[in-house]
Amino acid sequence: MRLHPGETEAVGWRVVTVLDAVRQLRGASPDVTGRPRVIAIDGRGGAGKTSLAERLRKAVPESAVVHTDDIAWNHACFDWGAALAEHVLRPLHRGEPVDFRPVPWITHDRPGSITVPAGAEVIWVEGTGIIREELAPWLDASVWMQGDLDEQERLLSVRDGDSPEQREHVANWLREELPFMLREQPWARATLIVAGPPRIAHDPDTELVVAPPTSPRPLTAAAPPS
């Protein structure tokens with residue numbers, strides 16, 4: 001398996017039901033009350049983060065998804081942690097709804113806003129770079145999606161095309177992603193690793209292929225900044 005430089009290949013892969021995976025992620029923060037659990041889903045492009053977030057949202061009816069691409073839109077590849085924490089994660093930790101319109105949305109006349117209703121049980125926050133030291137105090141559990149980079153890049157090419165402009169965009173992205181991932185090592189911080197795409201036979205409608213973190217550095221929920 002070709003992995004991100006510095007990433008350790010997970011071992012102990014096994015098939016579990018989606019509901020069992022949800023129970024494990026909930027169990028990482030058993031004392032959360034008065035607010036939704038905030039669970040991160042990280043991985044490289046083409047790993048299947050958005051699809052997994054949607055499957056988990058359907059498995060937990062009182063849940064919602066936040067996409068970091070919406071925070072990063074016309075802003076930065078990875079320098080969006082403070083905006084996410086201040087305008088999305090902080091209100092969620094207070095048990096409040098979210099209705100956030102980032103500055104670039106206003107500047108570029110993008111309609112709508114990033115919204116999360118009050119009363120949700122779980123908020124799934126998905127996007128490359130969400131598992132990072134800066135945001136650790138705000139996250140109750142996390143998933144790293146590990147898969148062969150050749151396959152993920154093939155899926156990205158199918159999804160986004162292979163034009164010269166797209167290749168330039170990918171090259172610019174990797175110049176930021178590679179050092180960021182080496183520094184943060186999200187695969188070592190995650191509560192659970194999910195295969196993306198998986199190579200083990202399973203029922204794609206009801207099951208996931210999972211493994212434990214690749215080092216004894218699981219992300220734990222500390223007290224968030226006041």
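In which order do the seven strands of the open sheet stand? The order is β1-β9-β8-β7-β2-β6-β3, and the pairing is mixed.

The structure is a predicted model, in which local features need pLDDT of at least 70 and side-chain atom pairs count only at pLDDT 80 or more, while totals for chains, interfaces and linings use all residues. Residues are numbered from 1 along each chain as its sequence is written, and side-chain values use heavy atoms, with hydrogens and water left out.

## The sheet

Helices (H or I, at least four residues) and strands (E, at least two) are DSSP runs, numbered from the N terminus. Two strands pair if DSSP finds at least two bridges between them. Strands of a sheet pair through backbone hydrogen bonds, either parallel or antiparallel.

The edges of the open sheet are held by β1 (14–17) and β3 (63–67). Each has a single partner strand, so one side of each is left without a neighbour in the sheet. On average, neighbouring strands of this sheet are turned by 30° against each other, direction ignored; the axes behind this angle are lines fitted to C-alpha atoms, for helices over the stretch in contact, and angles run from 0 to 180 degrees between N-to-C directions.

Strand β2 (residues 37–43) is largely enclosed by the rest of the structure, because seven of its seven residues are buried. Buried here means under 20% relative accessible area, exposed means over 50%, and partly exposed lies in between (1.4 Å probe, protein chains only). In a regular strand the side chains alternate between the two faces of the sheet. In β2, R37, I39, I41 and G43 point one way, whereas V38, A40 and D42 point the other way, and all are buried.

Three parallel pairings in this sheet are set out below.

| Strand pair | Sense and bridges | Facing residues |
|---|---|---|
| β3 and β6 (residues 122–126) | parallel, five bridges | V66 and V125 |
| β2 and β6 | parallel, five bridges | A40 and V125 |
| β2 and β7 (residues 141–146) | parallel, five bridges | D42 and W144 |

V125 of β6 thus appears opposite V66 and as the bridge partner of A40.

## A residue of the edge strand β3

S63 lies in strand β3. With a relative accessible area of 13%, S63 is buried. Not counting residues up to four places away in sequence, S63 touches L56, R57, V122 and W124, where contact means heavy atoms within 4.5 Å. Two of these neighbours also have polar atoms close to its side chain: the backbone oxygen of R57 lies 3.2 Å from a polar atom of the S63 side chain, and a polar contact of 3.3 Å joins the side chains of S63 and W124. A polar contact is a pair of N or O atoms within 3.5 Å; within protein, one must be able to donate a hydrogen and the other to accept it, and residues adjacent in sequence count only if both atoms are side-chain atoms.

## Two crossing helices

Two packed helices are described by the angle between their axes and the distance between the axes. The axes of helix α1 (residues 18–27) and helix α2 (residues 49–59) come within 10 Å and cross at roughly 85°. The two helices are therefore roughly perpendicular to each other; angles under 35 degrees count as roughly parallel, over 145 as roughly antiparallel, 65 to 115 as roughly perpendicular and the rest as oblique.

At this crossing, V18, L19 and V22 in α1 meet R55, L56 and A59 in α2. By class, the contact has five nonpolar, no polar and one charged residues. Ala, Val, Leu, Ile, Met, Phe, Trp, Tyr, Cys and Pro count as nonpolar, Asp, Glu, Lys and Arg as charged, and the others, Gly among them, as polar.

## The segment before β1 and the loops

H4 lies in the segment before β1 and counts as buried at 2% relative accessibility. Leaving aside neighbours within four places in sequence, H4 is in contact with R44, L149, E177, L178, M181, L182 and W187. H4 and P61 are 57 residues apart in sequence and 34 Å apart in space, C-alpha to C-alpha.

Some loop residues have notable backbone values. In the loop between α5 (103–107) and β5 (114–116), D109 has a phi near 60°, a positive value in a residue other than glycine. D109 is exposed, with a relative accessible area of 65%. Q185, in the loop between α7 (164–184) and α8 (186–189), has a phi near 45°, again positive in a residue other than glycine. At 29% relative accessibility, Q185 counts as partly exposed. P197 is placed in the loop between β8 (192–195) and β9 (207–211), and the peptide bond from G196 to P197 is cis, with omega near -15°.
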